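Work through the exercises below with the coordinates open. Each task is followed by a solution in short steps.

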Amino acid sequence: MTTHGMTKEQHPRIPSCTYRLQFNRWFTFSQAREVVAYLDALGVSDVYASPYFQASPDSLHGYDITDHSKLNIAIGSRQDYDAWIAELHAHSMGQVLDFVPNHVGIAEPLNEWWMDVLENGPSSRFAPYFDIDWQPLKSDLRDKVLLPILTDQYGRVLERGELQVRFEEGTFYLLYGERRLPIAPGTYRYVLEIALRNLSEHKEEDFYAELQSILTALEYLPKRTETDPKRIAERIREKEIIKRRLERRCAEAPQVQQAIEKALAQINGEPGDPRSFDALDELLNAQSYRLAFWRVAAEEINYRRFFDVNELAAIRVELPEVFDAIHRLILDFVNSHAVTGLRIDHPDGLYLPREYFEKLQQRCAKALGTTLPKDGRAIYMVAEKILTGPETLRKDWHVHGTTGYDFTNQVVQLLVDSSAETAITKTFHRFIGHSVPFGHLLYAKKLQVMKLSLANDVDVLGNTVDRLSERSRWYRDFTLEALSRTVRETIACFPVYRTYLAPGQPVTEEDRQIVERAIAAAKRRNPGMEESIFDFLHDVLLFRFPPNLDARARAEHTHFVLKFQQSTGPIMAKGLEDTVFYIYNRLTALNEVGGDPQQFGLSIEEFHERNIDRQRNWPSTLLATSTHDTKRSEDVRARIVVISEIPEVWRRSLQRWRVANRRWKRTINDATAPDGNEEYLLYQTLLGTWPMQVNGEPETTATPDYIERIQRYMAKALHEAKINTSWIQPNEEWDAAVRDFIAKVLDPSPRNKFLPAFIPVAKDVARFGAVNSLSQTLLKLTSPGVPDIYQGTEIWDYSLVDPDNRRPVDYKRRREMLESLATAHPPDLMRNWTDGRIKMFLTQRILRFRREHVALFQRGEYLPLTPGGAFAECCVSFARQLGDQWIIVIAPRLSSRVGFPPTAEIWQDTTLQIPETLSLEHAHDLFTCRPIPAQDRRVKLAHALSVLPFAAITNL
């Protein structure tokens with residue numbers, strides 16, 4: 001299809017399958033163009049692109065955008081981009097783009113908004129764009145931004161001479177390493193007054209008088225604390241005039257340039273002479289920012305961040321001017337059909353998510369030149385919303401669904417043998433030496449996050465609610481400390497990421513229940529606290545304000561609720577995903593974004609219920625199994641979940657492995673490194689990632705590259721867990737001990753007693769894990785929703801958490817593998833399963849079928865099927881039907897009960913009853929093209945799975 005043809009396409013365009021590409025300087029628009037034909041041949045309908053707007057040149061992910069209105073030149077030019085889009089259109093493919101409305105990267109001087117704020121403080125025209133508290137409790141931070149960028153205490157960095165003021169083209173700036181920070185124009189006088197004294201012998205010269213005039217202009221320059229629009233406009237104009245005058249004077253009179261350089265040499269100080277830095281210290285204290293050591297500044301950071309990432313500052317997209325500025329280019333792309341769908345990053349960070357989606361859909365309809373559909377969805381849009389427990393996506397959001405983490409966890413839970421929960425839990429507790437109640441652990445770690453990395457965010461809420469209480473005669477007696485603790489305890493007990501109250505809208509029953517659950521839990525955990533203080537917060541969080549409030553006071557109460565809602569999500573994410581998931585290691589396959597490790601298995605019936613609900617409410621939501629954010633890849637999870645099928649083998653193996661490796665541990669301050677929990681995680685990680693040979697046998701030794709990957713992963717896991725070491729306070733001795741332990745455990749020498757005991761278990765786990773992976777792939781590609789493939793995972797991929805999952809993808813190899821499928825025979829693919837072609841074969845066959853029968857998967861009815869016989873529990877099956885078209889899916893689970901490979905007569909008498917509504921005429925298997933016999937409408941799995949361990953039977 002031509003580019004022109006794309007403009008005539010019906011909107012919204014719903015993908016039949018997306019394929020995630022991670023753009024960075026090592027994977028560019030030009031390289032993406034080269035893989036379009038391959039993706040098309042695979043059966044992909046839409047590329048799903050990571051952010052590619054201007055960001056740090058070295059960014060691996062693209063979420064640190066510095067300018068939404070420009071492409072990242074490290075990825076390619078506009079010409080390169082257009083060529084890629086033309087290639088997509090030539091193959092009738094669309095593009096779903098990952099868009100980041102919540103925050104921007106501030107580590108680079110490329111971010112003109114942030115640089116302007118640092119130069120001009122509250123008087124910056126971009127100051128309102130950011131969520132900055134200009135009036136914090138600490139007086140030294142009034143009208144300043146705290147910048148936690150130093151690698152040591154401020155005084156040490158200063159007196160080592162690492163902070164240097166420079167002068168170029170009429171402008172002063174601060175240089176710290178490779179980082180440039182602006183100097184406020186009003187403080188140029190600190191340098192220029194010294195420079196003027198250096199020119200005392202030239203008092204009769206014009207340039208001396210000119211420099212005096214510049215100093216006078218600086219005195220009259222509106223202060224950086226001005227917020228009056230007219231005074232701000234005057235400041236913007238005059239400061240640039242002053243810079244130009246200074247530049248011109250230096251060019252015309254070298255003596256002025258020399259005097260300034262001499263003044264800077266004096267101000268910048270001399271290491272070894274602490275007093276020589278007094279002038280520089282005074283100059284820096286006069287800036288609109290306060291420099292600080294990054295490890296100790298969490299309690300005072302006064303700008304809202306993305307989670308606790310100091311280099312990512314939140315922006316106020318709820319402001320019309322901010323919304324317009326960051327969406328200008330993306331709407332141009334929507335208009336030209338370069339972008340046909342959007343993935344919205346971190347909507348829980350937005351002030352009013354529902355309103356944002358509504359406004360964006362309206363703007364997309366305008367860009368497309370169409371009227372907004374009745375359902376408010378002009379363009380395909382999914383939200384990166386993490387759902388917990390029974391939580392469901394808000395139906396008033398104008399999106400097509402989530403990014404698929406809910407399905408990720410449902411399908412892996414389906415593969416768990418729930419009958420082994422007690423045995424696995426006992427083994428875990430015995431190995432680590434203590435029990436780990438999940439609920440208490442999550443509560444404690446959320447409190448830890450609020451104490452350490454997100455302290456100021458919660459302090460601001462406490463201060464705000466304290467001011468609110470002062471307005472009420474019933475609640476004014478509550479102290480600041482008590483109110484702050486109430487806020488912390490309530491957030492720690494929050495059962496979901498956030499609520500979604502909005503001004504002028506009634507409180508939903510769902511939100512009411514969430515707040516009441518949190519308040520009740522907080523009361524229960526704090527019996528020594530006065531209950532009425534929780535009741536006060538309860539009423540505020542549900543918009544139940546005192547009746548005597550005026551409009552301004554009600555607005556302040558509402559603002560507090562909306563800020564509270566923005567805060568609970570990051571605290572949940574940091575406490576759960578980035579802490580607890582690295583501690584609660586009972587079965588790490590369940591420790592996934594949006595997952596609930598407390599749950600141990602999902603029944604086939606429950607899986608069907610989830611699919612039916614999705615088909616009814618969100619038929620176009622994404623279905624993911626691996627993403628750039630998952631803790632481990634789909635194939636690693638598929639292996640680790642096998643542990644639930646072999647609890648006794650797991651228990652005995654752990655005992656043998658611990659004994660074999662005990663000698664490699666090290667005692668540090670009366671503790672053994674690694675500790676039991678860390679060792680337990682390591683063994684699961686090795687089983688999940690151990691390389692296989694082409695002959696189906698595990699590798700007998702580990703390569704240096706593999707060992708280093710495991711060491712890097714475990715280092716990250718330990719730092720995230722924050723038990724024996726952390727990012728803020730690294731325990732270098734412990735880190736080294738664990739690194740050495742891994743090297744010794746994986747040492748290829750004959751004296752290593754671990755590997756001979758590990759390899760046989762790794763073999764069984766890898767084989768049954770492969771069956772699990774094929775099953776979850778088949779289920780993802782055929783369940784209600786839009787399947788998403790993360791780059792490279794169309795074959796086996798044993799990546800761990802980022803940056804391990806951001807490694808380059810070998811598309812040349814994959815292209816060759818895909819081409820070889822044209823002459824491959826299914827039995828050979830299964831015999832040679834370790835080469836990964838069997839997974840690619842399954843993927844291509846289903847994707848091409850989906851592309852040819854779009855309506856069957858978008859609108860087809862979902863019919864759960866119930867197997868019977870000896871291994872009825874060991875497979876999941878359903879049909880998709882639209883009129884007289886249908887497809888039946890059969891996917892194995894709990895395969896260790898059946899055997900490897902789970903094919904042919906090994907299934908004994910297990911059968912599948914075909915519904916009367918499905919015509920059996922022309923019924924055949926999509927993968928083998930063999931007709932499928934059915935006696936009395938019963939299909940024997942021994943026949944259906946005679947060649948492959950999975951099947952897709954259809955009449956098409």
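**Exercise 1: the surroundings of F407**

F407 touches F607, N611, R614, L623, A624, T625, L779, K780 and S783, leaving out residues up to four places away in sequence. The model is predicted. Task: place F407 in its element, and classify it as buried or exposed.

Solution.
- Step 1. F407 sits in helix 14, residues 405-414.
- Step 2. Its relative accessibility is 1%. Buried means under 20%, so F407 counts as buried.
- Step 3. Now consider P787. F407 and P787 are 380 residues apart in sequence. Their C-alpha atoms are 9.9 Å apart in space.

**Exercise 2: a histidine and its partner**

Task: find which side chain makes a polar contact with the side chain of H608. Then list what H608 is in contact with beyond its neighbours within four places in sequence.

Solution.
- Step 1. H608 belongs to helix 22, which covers residues 604-617.
- Step 2. The relative accessible area of H608 is 7%. The cut-off for buried is under 20%, so H608 is buried.
- Step 3. The polar partner is Y862: the two side chains make a polar contact at 2.7 Å.
- Step 4. With neighbours within four places set aside, the contacts of H608 are Y862, P864, L865, V876, S877 and F878.

**Exercise 3: helix 18 and its cover**

Task: compare the reach of helix 18 with the expected value. Then state which of its residues are buried and what covers them.

Solution.
- Step 1. Helix 18 runs over residues 480-492 and has 13 residues.
- Step 2. From first C-alpha to last, helix 18 reaches 18 Å. That is close to the 18 Å expected at 1.5 Å a residue.
- Step 3. The buried residues in helix 18 are L483, S484, T486, V487, E489, T490, I491 and A492.
- Step 4. Their cover includes helix 16 (438-451), helix 17 (455-469) and helix 19 (509-525). Helix 20 (531-541) and helix 21 (551-577) are also included in that cover.

**Exercise 4: backbone checks**

Task: locate the cis peptide bonds before P674 and P901. Then give the sign of phi for K722 and Q908.

Solution.
- Step 1. The bond from A673 to P674 is cis, with omega near -5°. P674 is in the loop between strand 19 (671-673) and helix 25 (676-689).
- Step 2. The bond from F900 to P901 is cis as well, with omega near -10°. P901 is in the loop between strand 24 (885-892) and strand 25 (911-913).
- Step 3. Q908 also lies in the loop between strand 24 and strand 25. Its phi is positive, near 50°, and Q908 is not a glycine. Q908 is partly exposed, at 48% relative accessible area.
- Step 4. K722 has a positive phi of about 60°, again without being a glycine. K722 is in the loop between helix 26 (704-721) and helix 27 (732-745). At 23% relative accessibility, K722 is partly exposed.

**Exercise 5: a nonpolar patch**

Task: which residues form the nonpolar patch on the surface, and where does W727 lie?

Solution.
- Step 1. The patch is formed by W294, L452, W727 and I728. Together they have about 360 Å² of accessible area.
- Step 2. W727 lies in the loop between helix 26 and helix 27, where K722 is also found.
- Step 3. W727 has 42% relative accessibility and counts as partly exposed. Patch residues need over 30%, so the 42% of W727 meets that cut-off.

Notes: Residues numbered from 1 in each chain as written. Predicted model: local features only at pLDDT ≥ 70, side-chain atom pairs only at ≥ 80, totals over all residues. Heavy atoms only, no water. Helix = DSSP H or I, 4+ residues; strand = E, 2+ residues; numbered from the N terminus. Expected span 1.5 Å × (residues − 1). Buried < 20%, exposed > 50% of the residue type's maximum accessible area, 1.4 Å probe, protein only. Contact = heavy atoms within 4.5 Å. Polar contact = N/O pair within 3.5 Å; in protein donor to acceptor, adjacent residues only side chain to side chain. Patch = residues over 30% accessible without salt bridge, like charges linked within 9 Å, V, L, I, M, F, W, Y side chains within 5 Å. Areas by Shrake-Rupley, 256 points an atom, 1.4 Å probe, with all protein chains shown as cover. Salt bridge = Lys/Arg side-chain N within 4 Å of Asp/Glu carboxyl O.
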